[in-house]
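Q: I am new to this structure and would like a close look at a single part of it. Please take one residue as the starting point and work outward from there.

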Amino acid sequence: MAIRVVAKNQVKPEKVQEFMNLCKSLIEETLKEEGCIDYEVYQELENPEILTMLEEWKDEGSLDQHIRSDHFKEIFPLLSECLDKETEINIYRKKL
């Protein structure tokens, strides 16, 4: 069953562009991964410092493999440096 990840990030105002540049690199590599169905970043309309990653994976194994990938391990710490607070991550399993 498909897995959906919603990762909401509160980015420091002065770091929004840097965060987006890092996301671009992460997305380019992640979309090449087997099991990645979709991987996008959305900016909240009311608060441009809130950037949310919406990911869809074939299954939990694919998501686990992504978290262990070299590009994720390289970029994730850099993304974290751009944040005002810890990322809020919710993981869902498709039911219908």
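Is Glu29 buried, partly exposed or exposed, and what is its relative accessible area? Please go on to what surrounds Glu29 and to the other charged pairs.

A: The model is a predicted one. In it, Glu29 has a relative accessible area of 33%. Buried means under 20% and exposed means over 50%, so Glu29 counts as partly exposed.

Glu29 has a charged partner in Lys32: the two form a salt bridge, and their closest N and O atoms are 3.2 Å apart. Lys32 has a relative accessible area of 62%, which is over the 50% cut-off, so Lys32 is exposed. The salt bridge thus joins a partly exposed residue, Glu29, to an exposed one, Lys32.

Glu29 is also in contact with His71. That histidine is found in helix α3, which covers residues 70-80. When neighbours within four places in sequence are left aside, the contacts of His71 are Leu26, Glu29, Thr30, Glu33 and His66. The relative accessibility of His71 is 15%; this is under 20%, so His71 is buried. Its side chain also makes a polar contact, at 3.4 Å, with the side chain of Ser69.

Now for the other charged pairs. The whole structure holds five salt bridges, and the one between Lys32 and Glu29 has been described above. Another joins the side chains of Glu28 and Lys24, with a distance of 2.9 Å from N to O. Both Glu28 and Lys24 belong to helix α1, residues 16-30. They are four residues apart, which is about one turn of the helix. Glu28 is partly exposed, at 40% relative accessible area. Lys24, at 53% relative accessibility, counts as exposed because the cut-off for that class is over 50%.

A further salt bridge is formed by Arg93 and Glu60, whose closest N and O atoms are 2.7 Å apart. This pair links distant parts of the chain, with the two positions 33 residues apart in numbering: Arg93 is in strand β4 (residues 88-93) and Glu60 is in helix α2 (residues 60-67). Arg93 has a relative accessible area of 40% and Glu60 one of 43%. Each value lies between the two cut-offs, so both residues are partly exposed.

To return to the starting point, Glu29 is partly exposed, forms a salt bridge with Lys32 and is in contact with His71.

Key
Residues are numbered from 1 along each chain as its sequence is written. This is a predicted model: local features need pLDDT of at least 70, side-chain atom pairs count only at pLDDT 80 or more; totals for chains, interfaces and linings use all residues. Side-chain values use heavy atoms; hydrogens and water are left out. Buried means under 20% relative accessible area, exposed over 50%, partly exposed in between (1.4 Å probe, protein chains only). A polar contact is a pair of N or O atoms within 3.5 Å; within protein, one must be able to donate a hydrogen and the other to accept it, and residues adjacent in sequence count only if both atoms are side-chain atoms. Contact means heavy atoms within 4.5 Å. A salt bridge is a side-chain nitrogen of Lys or Arg within 4 Å of a carboxyl oxygen of Asp or Glu.
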